[in-house]
Amino acid sequence: MKSLKNHISLIIALFTVLASVQIYVAVDRTIAAYETRLKDDYSVIVVSNKAFVPSEFKSMSSMIERSEPISTAQVLDRLKGEMSQKNLDLLRLTLPKFYRIYLNRYPSPKEINNLQRLLQRNPAIERVEGFAQTHDTIYKLMLLFKNVVQVFSIAIAAVTSLLILKEMRLWQFQHAERMSIMALFGAPVWLRSAVLFRLAIVDAIIATIILCLAFYVIDYYGFLITQLKAVGISVQLFNFVNDSLRSLGIALGISVALTFMIVIFPNEED
Amino acid sequence: MDKVIIAQNLSLSYKEFETIISKASFSIDAGSFVFITGASGSGKSTLLKSFYGAIEPKQGQLSVGGVNMNRISTSKLNFLRRHIGIVFQDYKLIKEWTIEKNVMLPLIISGYTSDVSGTQVQKLLGHVKLIHQAGKYPLELSGGEQQRVAMARALAHNPILILADEPTGNLDEYSSSVIWSLLEGANTQLKTTVVVVTHHIPEELNVPYKHYHIDAGNINEIA
């Protein structure tokens with residue numbers, strides 16, 4: 001019973017670290033998906049007094065993915081009843097050319113300003129409109145959320161690692177008699193501590209399995225995914241193969257590294 | 001004759017100013033049977049501990065099996081201990097392991113295959129008359145039986161030296177006689193050096209032996 005309690009303590013601690021990492025990964029993926037959506041929706045409007053071919057815009061900046069002209073026919077059609085044909089023809093001749101420019105990624109506010117300045121250097125371009133303000137606020141909020149989650153994940157990992165270290169010292173104490181008897185017969189440190197490594201590895205595997213099941217259920221039943229879809233974000237919160245392998249790596253890494261630490265630097269009181 | 005243990009001006013102490021053994025010089029021949037006696041607290045167990053590196057010489061020189069015990073490295077100490085069999089008064093068996101696995105311990109440490117160690121363990125458990133108890137755990141056995149297991153463990157890897165600290169201190173007559181006959185057998189048949197720390201030298205012993213007595217930190221050979 002006591003041994004089971006010790007196992008559960010380590011499994012819960014490892015699960016907490018893995019869950020905080022997985023939450024960070026999920027938030028990162030959500031923001032990446034939102035960035036893609038913003039990028040697809042986002043475009044810069046350029047007003048020029050001469051016609052441009054798409055390759056001319058592309059050569060101006062590596063950020064520009066493609067461009068398309070905005071037709072003025074619809075505006076002119078609306079004015080048909082209010083203006084004479086002669087004035088309309090004159091307006092058609094003097095009306096500037098409008099272009100919609102799509103970018104290959106969602107730019108930061110600084111990048112938008114740089115792009116605007118770059119485009120405006122061309123004497124034929126009269127005006128550039130970035131429209132970044134609306135998207136930018138939500139995007140900044142999401143980045144803030146991501147940073148907060150990152151800070152929390154690091155803090156949780158640090159505190160939990162200390163708890164795991166304490167737990168392993170307890171294990172070391174529990175197995176001290178066995179380890180000292182083995183030492184009397186010349187067992188090297190790694191053989192004496194094999195029991196600690198075995199416990200650490202088994203608990204790391206159990207913690208990973210629990211994490212995978214928990215996130216698989218969250219992903220499968222989709223309570224979060226439905227909410228994200230409602231705001232137009234489509235994202236896979238848990239990639240079974242990649243995420244479970246990464247979690248197993250982290251769990252094994254932490255538990256084995258901390259076991260190494262207590263084996264190499266035993267307590268002065270031991 | 002080769003010497004297994006050589007001590008020159010050996011002083012041992014636990015604390016800086018409390019010397020337990022003072023400037024002792026003696027040697028133990030390979031293949032000999034040696035008793036170390038002395039009153040309680042005289043330092044006989046401390047001396048035995050210095051032979052397996054549990055305590056370092058404070059002054060002087062100590063060599064065990066050709067290994068200098070002064071500032072011995074961990075790897076050298078482990079190597080030496082793999083050639084020594086130790087028997088303690090309190091048995092020091094691993095209680096989570098079966099009797100069979102306990103006896104196998106030195107063979108596991110020395111890297112023997114399970115086939116070899118299995119055969120050796122069966123043979124030794126036969127010698128100590130515990131073959132039928134192989135699957136039991138130490139706490140299921142009596143004190144005498146546990147000490148016989150510890151004896152089998154000490155012999156498992158054919159050590160060059162057996163160190164026994166009060167091996168029959170808590171035992172009944174039958175278990176004591178088994179232990180003494182095993183120590184005798186190891187000494188006469190395998191030519192293993194045996195060093196026993198005890199209060200009383202058994203009368204029924206059939207091997208020639210040397211006797212050292214510790215008194216007030218001095219070690220004297222008794223003729």
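So, chain A: in this predicted model, its secondary structure adds up to eleven helices and four strands. How does its radius of gyration compare with what the globule rule gives for 270 residues? Well, the rule gives 18 Å, and chain A comes out at 30 Å, well over that, so the chain is more spread out than a compact globule. You can see it in the C-alpha trace too, which spans about 110 × 40 × 25 Å along the principal axes of chain A.

Now the domains. The assignment splits chain A into domain 1, made of 2-37 + 136-264, and domain 2, which is 43-131. Their C-alpha centres sit 51 Å apart. As for burial, 40% of the 270 residues in chain A count as buried. And if you take the contacts in chain A with a separation of 6 or more, 82% of them come from residues 24 or more positions apart.

Okay, pockets. The largest pocket has a volume of about 570 Å³. Which elements give two or more residues to its lining? From chain A we have α6 (133-174), α7 (176-184) and α8 (189-192), and from chain B there's α2 (74-81). In total 20 residues line this pocket, and the ones nearest its centre are M179(A), S180(A), A183(A), R192(A) and P266(A). If you sort the lining by class, you get ten nonpolar, seven polar and three charged residues.

Let me stay with α7(A) for a moment, since that helix gives the most to the lining of the largest pocket, with five residues. Which residues of α7(A) are buried? They are R178(A), M179(A), I181(A), M182(A), A183(A) and L184(A). Two of those names, M179(A) and A183(A), you just heard among the residues nearest the pocket centre. After α7(A) comes G186(A), and its phi is positive, near 85 degrees.

On to the second largest pocket, with a volume of about 370 Å³. This one is lined by 15 residues, and V27(A), T30(A), L224(A), L228(A) and L237(A) lie nearest its centre. The elements giving two or more residues to that lining are α1 (2-41), α6, α9 (194-221) and α10 (223-230), from chain A. Which of them gives the most? That's α1(A), with five residues. And by class, the lining of the second largest pocket has 13 nonpolar residues, two polar ones and no charged ones.

Last stop, chain B, and a couple of residues to click on. Start with S42(B), in the loop between β3 (33-38) and α1 (44-51) of chain B. Buried or exposed? The relative accessible area of S42(B) is 11%, and the cut-off for buried is under 20%, so S42(B) is buried. Setting aside residues up to four places away in sequence, S42(B) touches I20(B), I21(B) and I214(B). If you want a sense of distance, S42(B) and S117(B) are 75 residues apart in sequence, and 39 Å apart in space, C-alpha to C-alpha.

Then there's Q120(B), which you'll find in helix α4 (residues 114-127) of chain B. Here the relative accessibility is 14%, so Q120(B) counts as buried. What is Q120(B) in contact with, once neighbours within four places in sequence are left aside? The list is L107(B), L155(B), A156(B) and N158(B).

Definitions and conventions. Residues numbered from 1 in each chain as written. Chains lettered and ligands numbered in written order. Predicted model: local features only at pLDDT ≥ 70, side-chain atom pairs only at ≥ 80, totals over all residues. Heavy atoms only, no water. 1 Å grid on protein atoms, 1.4 Å probe; cavity = no way out; pocket = protein on both sides within 12 Å on 5 of 7 lines; lining within 4 Å. Points joined across faces, edges and corners; volume = space filled by probe spheres on them. Nonpolar A, V, L, I, M, F, W, Y, C, P; charged D, E, K, R; others polar. Domains from an automatic or database assignment. Rg over C-alpha atoms; globule rule 2.2 N^0.38 Å. Buried < 20%, exposed > 50% of the residue type's maximum accessible area, 1.4 Å probe, protein only. Contact = heavy atoms within 4.5 Å.
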